[in-house]
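Please walk me through this protein model. I would like to start with its packing and then look at the backbone.

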Amino acid sequence: MEWCKYAWAHLVMNGWVEFMFYVLAGGIITSVIGRVFTGLESNQKLPKQVLTLLSRAIRSIIWVLVLVQGLRAGGVDVISILGAAGVLGVAIGFASQTSLSNLISGIFLVSERSFKLGDYISVAGEEGSVESIDLLSVYLRRPDNSLVRIPCETLIKSPFTNITGSPRRRIDMDLGVDYSSDLTKVKDVILDVIKLEPELLDTPAPTVMFSGFGDSSLNLHIGAWCKTEVYHGLRYRLATAILERFNKEGINIPFPVRTIVKQGNS
């Protein structure tokens with residue numbers, strides 16, 4: 001056991017026991033901070049993405065301080081290392097202007113709270129549910145379950161749509177009926193179908209508007225409001241119910257009609 005005593009004495013004398021103590025303390029402190037921020041996620045006034053970024057930032061700072069103090073206790077010349085890192089950082093900074101732009105954009109995104117985790121957004125030809133919001137990029141979960149990374153700079157520079165950002169969403173439908181139809185009757189039938197669907201909202205009021213004369217139909221636009229979480233299933237049910245009611249009432253949705261004239265030889 002003499003070699004164990006010798007190894008322990010060597011570690012103590014060279015400060016590595018103190019270094020391990022700092023690392024252990026850092027692990028405990030960051031774990032506690034992580035639990036505190038997890039508990040704060042139930043606070044509706046603080047967005048989850050803000051809490052996540054704050055937790056990461058604080059834990060990163062703590063680990064930097066822990067490692068610096070631990071290395072100093074182990075006899076490492078931290079000042080020389082930091083000096084070399086500073087020179088290297090300047091060189092890397094010139095080569096990473098895009099990352100810096102994304103970092104600044106990420107700070108703006110978090111501060112303005114234009115979307116949150118779980119929102120379904122569309123940007124730059126991509127759309128999906130917001131999986132994570134980091135300082136450099138945002139990850140979207142596509143409907144096919146694939147993951148796409150969107151740089152924060154893209155979200156700042158490009159228009160994007162937060163499709164589920166509001167608790168209410170309007171179902172929009174366009175349809176056409178033949179020219180022999182009574183538009184007043186058609187409107188009443190559609191509004192009656194909407195009224196019979198319990199998940200459609202009375203406020204704002206649903207609308208049925210005439211949108212134009214088509215080549216073979218009178219075109220109408222339907223707008224009915226619902227809760228965002230039931231949008232897709234309710235849209236399908238509403239379309240099915242309107243089609244069934246039209247068939248029962250004898251209202252025809254026409255196909256385009258084309259007349260082909262065959263000319264004889266001149």
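In this predicted model, the largest nonpolar core has 22 residues. Six of them touch the most other members: Ile171, Ile190, Leu200, Leu238, Ile242 and Phe246. Four elements each supply at least two residues of this core: strand 6 (168-177), helix 7, strand 8 (218-227) and helix 8 (231-249).

Take isoleucine 171 as a way in. Setting aside residues up to four places away in sequence, isoleucine 171 touches Leu200, Ile222, Gly223, Ala224, Cys226, Tyr231, Leu234, Arg235 and Leu238. Two of these partners, Leu200 and Leu238, are also on the list of core residues that touch the most other members.

There is a second, separate core as well. This one has 13 residues, including Leu109, Val138, Leu140 and Ile150.

Now the backbone. Most residues other than glycine have a negative phi, and most peptide bonds are trans. Three places depart from that pattern.

Alanine 124 has a positive phi of about 50°. Its place is the loop between strand 1 (120-123) and strand 2 (126-133). Is alanine 124 buried or exposed? Alanine 124 is exposed, because its relative accessible area is 54%, over the 50% cut-off.

Asparagine 145 also has a positive phi, of about 80°. The loop between strand 3 (137-141) and strand 4 (147-151) holds this residue. Asparagine 145 counts as exposed too, at 53% relative accessibility.

The third place is a peptide bond. Threonine 203 and proline 204 are joined in cis, with omega about -5°. Proline 204 sits in the loop between helix 7 (183-196) and strand 7 (207-213).

Methods. Residues numbered from 1 in each chain as written. Predicted model: local features only at pLDDT ≥ 70, side-chain atom pairs only at ≥ 80, totals over all residues. Heavy atoms only, no water. Buried < 20%, exposed > 50% of the residue type's maximum accessible area, 1.4 Å probe, protein only. Core = buried A, V, L, I, M, F, W, Y, C linked by side-chain atoms within 4.5 Å. Contact = heavy atoms within 4.5 Å.
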